[in-house]
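This report goes through one structure in a few short sections, from strand pairing to the contact between chains. Please keep the sequence and the model at hand while reading.

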Amino acid sequence: MAEILIKHLVKSFGKVEAVKDVSLRITDGEFLVLLGPSGCGKSTILRVVAGLEDADSGEIVVGGRLVNFIDPVKRNVAMVFQNYALYPHMTVRKNIAFPLEMAKKPKHEIEAAVRRSAAILGLEEMLERLPEQLSGGQRQRVALARAIVREPQAFLMDEPLSNLDAQLRIQTRLELIQLHARLGITTMYVTHDQVEAMTMGHRIAVMKDGVLQQIGTPQDVYRRPANIFVATFLGAPPMNLVDGTLESVGGGGWRFRGQNVDVQLSPEVLSPPELRHEVEATGNVKLGLRPEHIRIAAPGEDGGLPGRVLFLEPVGSDLYLTVEAGGGTVQVRTDPDSPLQQGENVSLLFDPWRVHVFGADGHNLRRDAPSVGAQPALAEAAS
Amino acid sequence: MAAPGAIAEVTEAHADYARAARRNRLLGFGKGVAAYVVLTVFAAIALIPFVYLLSPSFRKSYELLTFPPQWIPHSLYTGNFHHVLHGTSYPRWALNTLIFAGSVTAVTLVIDTLAGYAFARLRFPGRSLIFALVIATLMIPTAAVVAPLYIMISRLPGWTHSGVNTYPGLILPMVCSPLGVFMMRQFISTLPEALVEAARLDGAGEWQIFRKIVLPLMKPAIVVLGIFTFMFQWVNFLWPLVITTTDNMKTLTVGIASLQGQFVTDWGVISAASVMTIFPMIVVFLIFQRWFVQASMAGALKQ
């Protein structure tokens, strides 16, 4: 087990800069999820840590040792690939034993280690089978067994669940969480699936276009997104955004005005003095509201944002409404038993404490929202 | 009760349906017959030369020159085969051909697989240029290089004697085919990159990755290239003709050609020798036929 430290990592492929000055610290035993859309550079970071790609600049430190110029195998990290990368011509036993055979371990030691790994992942019955005779979930377990057999300092997992069907993915996700709890090996896990990120990670590092957007616990990242990208990438349906302007009112408070929207925001939500310059300089802002923080006003309740129901999407546990309001469409998560009909006029209510306000550069202006540069974990790793 | 008009309509519809079904069946049958006719024609075109070769090998020489030509021999005369085996150096030529084609195939497989792996998986400066050069050599006809090759082989420095009439002289210039390099490179390119990376992380060196991961997965491609090379060299004529001058170094093709006399040619004997030469190739092809299918499917079956 070991801590992984990434300092000012830069990596380009030709003219494309895949990773732009990323610094990260993954503490010993931590499960860190790198989350972002395709092509955001998350897999590249993983591959650089594994040693499959060389960093253009920056340092990779695993277990206190600078590994930039060390062979992949000597970095003592194990990688699990999206397509399992099992050797098709070898039995499960041979697949699991392969890293130990390469390390020229004695036969009896290999045999014992293979049996131990197979037992952890419940593969004892299929040791003599070939990968093609296994289901997707079983193949993924073999890949994991091959990764744990040489007792690595860290696991690097590159979207290991994305080739599995929905049900198996949930099951394997749980197995991975259990496996991590049991072995406690430092893990970097790459995914574009926010549910995986939220359920598995101790912390989530959100990336976009090679730049680290935010790092924090799942709750942090969800509740206090650093910018519009993080706010809209996490959450399904995504956060609603309403265009408008911000002006200061007496007593240090703020007032957001959009089309049909007029909200008073307390100084505890938005930070007053430094914000004034920013708002004056940039002008327009966006109001962000999560679908679950909006509710449909009861008959007789007033003061809400008027709108008209465009679509209803029942998903069983919830009902998603698309409402035409505030000069655009707003998504609302509501009770699945709601009697609302398409085309019905409704009034939307929300708690001004729950809103986010994003400046013209996309940053969250809420007082409790982090700004990337000021995050202690990053500053520490970069130093 | 339904109106009489309605009943008539229904009956009419039934009749229509029945007619359409009959037409459809006939059409299907007709298509089947047409397919067989076309296939039979092509099969005949492919087979007739073999039959034409097989027939005179079982006939006496004087029977060959009758008019109209006979396709089916009156009696199965095996004297031609007997003569080939005992009256010529056929066994020696066969041995030479086996050594020649076998060695060329073995060395070609080693070189082409390694080169293909390097071009597909290793990164080195000038990779694309070198690969383009290798492919460009495909455009040079063999006939154009025969003379320079002969001069090279006959004057190879360091050789105690000329390479003419020696196995190395026969084998070496035919070794390694650019087409084979290309084929191996394409095949290796279809193997998932993650396999190689996984092996690298598991501690395998470049050679171990090649030997333990890539090579076993290339079996279908290797078998196909092996058969192609072997068959091609088995009937290779031009180079063995140039580089061998003594009877005991000739290969089958050159040997058979030498049976043709300046004034008298025993076509029965030549036919028999040809049949004996072709037959093993047909057997080899039939045995390994499924590998050809596998190799052509290999791209589709990758995980």
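Which residue in E9(A) is the bridge partner of Val33(A)? In this predicted model, the bridge partner of Val33(A) in E9(A) is Ile204(A).

## Overall dimensions of chain A

Chain A has 383 residues, of which 44% are buried, and its secondary structure comes to 10 helices and 20 strands. Taken along the principal axes, the box filled by the C-alpha atoms of chain A is roughly 80 × 50 × 35 Å.

When contacts in chain A are restricted to residues at least 6 apart in sequence, 67% of them join residues that are at least 24 apart.

## The six-stranded sheet

Chain A contains an open sheet of 6 strands, which run in the order E6-E7-E8-E3-E9-E10 with mixed pairing. E6 and E10 of chain A stand at the edges with a single partner strand each, so that one side of each is left without a neighbour in the sheet. From one strand to the next, the twist averages 15 degrees.

Both senses of pairing can be followed from E9(A). Strand E3 of chain A, residues 31-35, pairs with E9(A) in the parallel sense over 4 bridges, whereas E9(A), residues 203-208, pairs with E10(A) in the antiparallel sense over 5 bridges. Ile204(A), the bridge partner of Val33(A), also stands opposite Gly216(A) in E10(A).

## The E9-E10 hairpin

E9(A) and E10(A) form a hairpin in which 2 residues lie between the strands; in this turn, Asp209(A) has a positive phi of about 50 degrees.

Is E10(A) largely enclosed by the rest of the structure or largely open, and why? Strand E10 of chain A covers residues 211-216, and 5 of its 6 residues are buried, so the strand is largely enclosed by the rest of the structure. This sits alongside its place at an edge of the sheet, where E10 of chain A has a single partner strand.

## Packing of H2 against H4

Helix H2 of chain A (residues 92-102) and helix H4 of chain A (residues 136-148) have axes that come within 7 Å and cross at roughly 30 degrees. Because angles under 35 degrees count as roughly parallel, H2(A) is described as roughly parallel to H4(A). The crossing of the two helices, H2(A) and H4(A), is right-handed.

On the H2(A) side, the residues that meet H4(A) are Val92(A), Asn95(A), Ile96(A), Phe98(A) and Pro99(A), and their counterparts in H4(A) are Val142(A), Ala145(A) and Arg146(A). By class, this contact of H2(A) with H4(A) has 6 nonpolar, 1 polar and 1 charged residues.

## Tyr87 and the contact with chain B

Contact between the chains involves 16 residues of chain A and 15 residues of chain B. On the side of chain A that touches chain B, strand E6 (77-80) and H2 each supply at least two residues, and the largest share, 3 residues, comes from H2(A). By class, this side of chain A has 14 nonpolar, 2 polar and no charged residues.

Tyr87(A) is found in the loop between E6 and H2 of chain A. Because 20 other C-beta atoms lie within 10 Å, Tyr87(A) is buried. Leaving aside neighbours within four places in sequence, Tyr87(A) is in contact with Asn95(A) and Phe98(A), and also with Leu195(B) and Ile213(B). Asn95(A) and Phe98(A) are, in turn, among the H2(A) residues that meet H4(A). By contrast, the C-alpha atoms of Tyr87(A) and Glu17(A), which are 70 residues apart along the chain, are separated by 32 Å.

Conventions:
Residues numbered from 1 in each chain as written. Chains lettered and ligands numbered in written order. Predicted model: local features only at pLDDT ≥ 70, side-chain atom pairs only at ≥ 80, totals over all residues. Axes fitted to C-alpha atoms, helices over the stretch in contact; angles between N-to-C directions. Parallel < 35°, antiparallel > 145°, perpendicular 65-115°, else oblique. Left-handed = near helix turned anticlockwise from the far one by under 90°. Contact = placed C-beta atoms within 7 Å. Nonpolar A, V, L, I, M, F, W, Y, C, P; charged D, E, K, R; others polar. Buried ≥ 20, exposed ≤ 12 C-beta atoms within 10 Å, placed from the backbone. Pairing = 2+ DSSP bridges.
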